[in-house]
Amino acid sequence: MRCGQTKRCAGGWQSCWRLCATKICVEPGVMNLYFTTDWRAIPESRFVRHDVETAYLLLEAEEVLGHNHDPKTERMAKLLVDHALAYGWDETYGGFYREGTTMGRAEDLRKEWWVQMEGLNALLLMHEKYGSVTDVYFKAFQHQWRFIKDRQVDHEFGGLYDTVERDGTPTDHTKARIWKEAYHDGRALLNVTARLQKLAKAVK
């Protein structure tokens, strides 16, 4: 039995995808946070944690909706990741900072579990697309994984610490709360595993 709302839902999803790709995500690779009712952006210059996740979601939505490859969407996804690496990435310890000004230094240097996992996912996706011309994404991916494995994982009781300091010292040992769930880590690990296997087969 086919739902009579299928076309309506598909149209709604496509509208949301286009709004995200063209209104919410803008150059130089940032996301607008606030809008008027007619989708005019209200200026708010912040580096936000959702940038790296949105890069992946834009490309996933394009595929799920059955669109032909759109170079503009891929370009925006790349801009989001590149901007996050430029302004929100910790080159010393690895990992993405929590928040900061759009074109300046990060202000909140803590690292949340879900941002690190979504970063892992997005970085490997960018490597799959651009690894033939640059090793930046794969090096960051490896650095990111080392940070997660060594610093974000609770090696005594399992699971991921909610939030850690820049160097990985836990600031929040919470393992379960209303916003602490496993889909970020689960999705990222499944995607990364499948993508690494795919990349490994490609080089054989």
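In this predicted model, R166 is partly exposed, with 29% of relative accessible area. This arginine sits in the loop that runs between β8 (163-164) and β9 (170-172). R166 and R110 are 56 residues apart along the chain, yet the distance between their C-alpha atoms is 5.3 Å. Once the neighbours within four places in sequence are set aside, the contacts of R166 are D90, T92, Y93, Y97, L109, K111 and F147.

Y97 also appears among the contacts of a second residue, D108. Here the setting is a strand, since D108 belongs to β6 (residues 106-108). With a relative accessible area of 16%, D108 counts as buried, the cut-off being under 20%. Apart from neighbours within four places in sequence, D108 touches Y97, R98 and E99. Its C-alpha atom is 9.7 Å from that of G88, a residue 20 positions away along the chain.

Helix packing can be followed conveniently from α2 (residues 51-64), which is paired with α3 and with α6. The axes of α2 and α3 are 8 Å apart and make an angle of about 165 degrees. The two helices are therefore roughly antiparallel, as angles over 145 degrees are classed that way. The crossing of α2 with α3 is left-handed. On the α2 side the contact is formed by D51, V52, T54, A55, L58, L59 and E62, and these meet T73, E74, M76, A77, L80, V81 and A84 of α3. By residue class, this contact comprises nine nonpolar, two polar and three charged residues.

The packing of α2 against α6 (residues 183-202) has an angle of about 55 degrees, and the axes are 14 Å apart. This angle makes α2 and α6 oblique to each other. The crossing is again handed, and α2 passes α6 in the left-handed sense. From α2, the residues E53, Y56 and L57 take part, while α6 supplies Y183, H184, R187 and N191. Three of the residues in this contact are nonpolar, two are polar and two are charged.

Helix α3 (residues 71-87) has a further partner in α4 (residues 113-130), and the axes of these two come within 11 Å and cross at roughly 125 degrees. The relation of α3 to α4 is therefore oblique. A left-handed crossing is found for this pair of helices. In α3, the residues E74, A77, K78, V81 and L85 are in contact with A122, L123, M126, K129 and Y130 in α4. The contact divides into seven nonpolar and three charged residues, with no polar ones. E74, A77 and V81 are thus of interest on two counts: they meet α4, and they are also listed in the contact of α3 with α2.

Attention now turns to the aromatic side chains. A pair of aromatic rings is described by the distance of the centres and the angle of the planes. The model holds four aromatic pairs, counted with ring centres within 6.5 Å. In one of them, F138 and F141, the ring centres are 5.8 Å apart and the planes lie at 20 degrees, so the pair is stacked. Both phenylalanines belong to helix α5 (residues 136-152), where a spacing of three residues places them about one helical turn apart. How do F138 and F141 stand in terms of burial? F138 is partly exposed, at 26% relative accessibility, whereas F141 is buried, at 6%.

Two features of the backbone complete the picture. Most residues other than glycine have a negative phi, and most peptide bonds are trans. Between E27 and P28, however, the peptide bond is cis, with omega at about 10 degrees. P28 is placed in the loop between β1 (25-26) and β2 (30-31). The other feature is at W39, a residue other than glycine whose phi is positive, near 65 degrees. W39 lies in the loop between β3 (34-35) and β4 (41-42), and its relative accessible area of 37% makes this tryptophan partly exposed.

Methods
Residues numbered from 1 in each chain as written. Predicted model: local features only at pLDDT ≥ 70, side-chain atom pairs only at ≥ 80, totals over all residues. Heavy atoms only, no water. Axes fitted to C-alpha atoms, helices over the stretch in contact; angles between N-to-C directions. Helix = DSSP H or I, 4+ residues; strand = E, 2+ residues; numbered from the N terminus. Parallel < 35°, antiparallel > 145°, perpendicular 65-115°, else oblique. Left-handed = near helix turned anticlockwise from the far one by under 90°. Contact = heavy atoms within 4.5 Å. Nonpolar A, V, L, I, M, F, W, Y, C, P; charged D, E, K, R; others polar. Phe/Tyr/Trp six-rings, centres within 6.5 Å; stacked < 30°, edge-to-face > 60°. Buried < 20%, exposed > 50% of the residue type's maximum accessible area, 1.4 Å probe, protein only.
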